[in-house]
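Here are a few short exercises to work through with the model open beside you. Try each one yourself before reading the solution.

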Amino acid sequence: DCLKAVKYVPIKESQVLRREKTPVEPDVQNKAAKNSVSSFPEWACQRKAKLKHFNSKLTSAIEVLQEYAELRDARQDYSRALAFRRASSVLKALPFPVQRTEQLKGLKDIGEHVKGVIEDILDHGSSSEVENIVKSEWYNKMKLFTSIFGVGPSTAKTWIECGWKSVEDAQKNGCPSSDWRISWGLAFFKDLNTPVQLQEAETFFQIVKHEAELILPGVIVTLVGGFRRGKAQGHDVDILLSHPSEGAEAGLLPKLLAALGKRGLILIGHKEKSSFRSDVLYKDFKISARGQLDHFEKWLGICKFKKPNLFIKPQDLHQLEGATNTEPCSRNDELLSIDTEKIRQKCDHLPNISFEESLDDLYEPKLKKAKGSEPIDEEPNRLSAAPRDWLARRVDLIIAPQSQYYYALVGWTGSKHFNRDARLYAQKKLGLKLTSHGLFDLEKVRLKHLS
Ligand code: DCT
Ligand code: MG
């Protein structure tokens, strides 16, 4: 818009660079900006923040600083990272594009450091501080390694200290890992770093819903996480399950996993039992916002999302006829619901198609013992290297009893910063503790815990 204005309005270039008043910035717009700043809600959980906003160039730069602080030393630089996150959250919610830092006057989460960065970007098109980070080898290696499922900043640092530069280095040296997530994260790095599209998430969600309904009629199944916030893609698929009658959800997860396993959709994963008890909850009150996410029964794993016709030659497709399960939920579901046994029989002689030996226990890590005590898992590399017609996708399945469902819904919808601020608001303004399990009076819980 600015360039368009320069084209049509006879002003000097120097005026544009200093961003003096031009038709792009009439007084009316400045007044509107001033008004919106004066009535700008203090807490992120009180603000509307659209996914597409006016200040994405500024927020992506600030998010680099935030990420750098998080990667450098999560403990030491936590408040620094948080300050950047707060600033970026404010900029995302502003109803106008920032053109001068004076427009930010009165916004408490925009500190001097951030103002300087914004000024640099507005004046020169970029911030040298941000540019230097983006160019730095360490930052890029950290970003790369922490993008592997199961790898956090401390593992990434160790790998850098070992001199590893690439995912291939880690694949050669880091595998087999005693952490199932890293073994599978490395083996399926490419798949897991290809964003999951909404359509894929929706298709998988429909299958989960269908299977859950067969197991537990009346079950509530909700696609949560970024997709519930309207994102078109994400790094995983988060699905929350509950049932209108309290307690009916017990036993659902193992049955659901068995049903998904039978459909050949589960690659690997880990089940967590519910650890929700009042004493655990009391301890939670003391831990920081970075502590354990929640105490719900859940399954965190990797599923197989069928990619149609990837390795099957068109002339061989007719051989798969009749190999689908009944009642597909959608066209894509039809592809996802292929009955592996029937296909195995039909495809044994076909080149380029392979299936796992056993679908049993696929949803639990199957670790083979090496000579020593270190478990070795060769399965992930073998499965990822074999020709396949599916992509590995991260999936979280969370089970919440009805009494906690709406809190779980808020928590698992996110965003992380929305949750953080909503929880802080509850604590500071209302004297209550908000978690994904409920809204609690801290004093009452403490007394109950002591008695
Ligand atoms: N969450 C949270 N605190 C965390 C991690 C997650 O409050 N430390 C909540 C907010 C989002 C939800 O759980 C799901 O988590 P992710 O899948 O990690 O986030 P997302 O917003 O769904 O991101 P993406 O779209 O990339 O999956
Ligand atoms: Mg998600």
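**Exercise 1.** How many helices and how many strands are there in the protein chain?

*Solution.* Keep in mind that this is a predicted model. Going along the protein chain, you should find 21 helices and 11 strands. Next, look at burial: of the 451 residues, 31% are buried.

**Exercise 2.** Work out the strand order of the open sheet of 5 strands.

*Solution.* Start with the edges: β2 (220–224) and β5 (266–272) each pair on one side only. Reading across from β2 then gives β2-β4-β9-β6-β5, and the pairing is mixed. Now take the pair β2 and β4: these strands run antiparallel and are joined by 5 bridges. Within this pair, V221 has L241 of β4 as its bridge partner.

**Exercise 3.** Check the span of helix α13 (residues 198–215), then place the helix on the sheet.

*Solution.* The helix has 18 residues, and the expected span takes 1.5 Å times one less than that number. The result is 26 Å, which agrees with the 25 Å between the end C-alpha atoms. As for its place, α13 lies across β2, β4 and β6 (297–306), at about 25 degrees to β4. Its buried residues include F204, F205, I207 and V208. Helix α19 also packs on the sheet, where it touches β2, β4 and β9 (390–399).

**Exercise 4.** Which residues come nearest to ligand 1?

*Solution.* Of the 14 residues around the ligand, the nearest are G225, G226, G234, H235 and G414. Elements giving two or more residues to this shell are β4, α19 and α20. Sorted by class, the shell holds 8 polar, 4 charged and 2 nonpolar residues.

How values were computed. Residues are numbered from 1 along each chain as its sequence is written. Chains are lettered from A and ligands numbered from 1 in the order in which they are written. This is a predicted model: local features need pLDDT of at least 70, side-chain atom pairs count only at pLDDT 80 or more; totals for chains, interfaces and linings use all residues. Helices (H or I, at least four residues) and strands (E, at least two) are DSSP runs, numbered from the N terminus. A residue is buried if 20 or more other C-beta atoms lie within 10 Å of its own, exposed if 12 or fewer, and partly exposed in between; C-beta atoms are placed from the backbone. A residue is near a molecule or strand if its C-beta atom, placed from the backbone, lies within 6 Å of it. Ala, Val, Leu, Ile, Met, Phe, Trp, Tyr, Cys and Pro count as nonpolar, Asp, Glu, Lys and Arg as charged, and the others, Gly among them, as polar. Two strands pair if DSSP finds at least two bridges between them. Two residues are in contact if their C-beta atoms, placed from the backbone, lie within 7 Å. Axes are lines fitted to C-alpha atoms, for helices over the stretch in contact, and angles run from 0 to 180 degrees between N-to-C directions.
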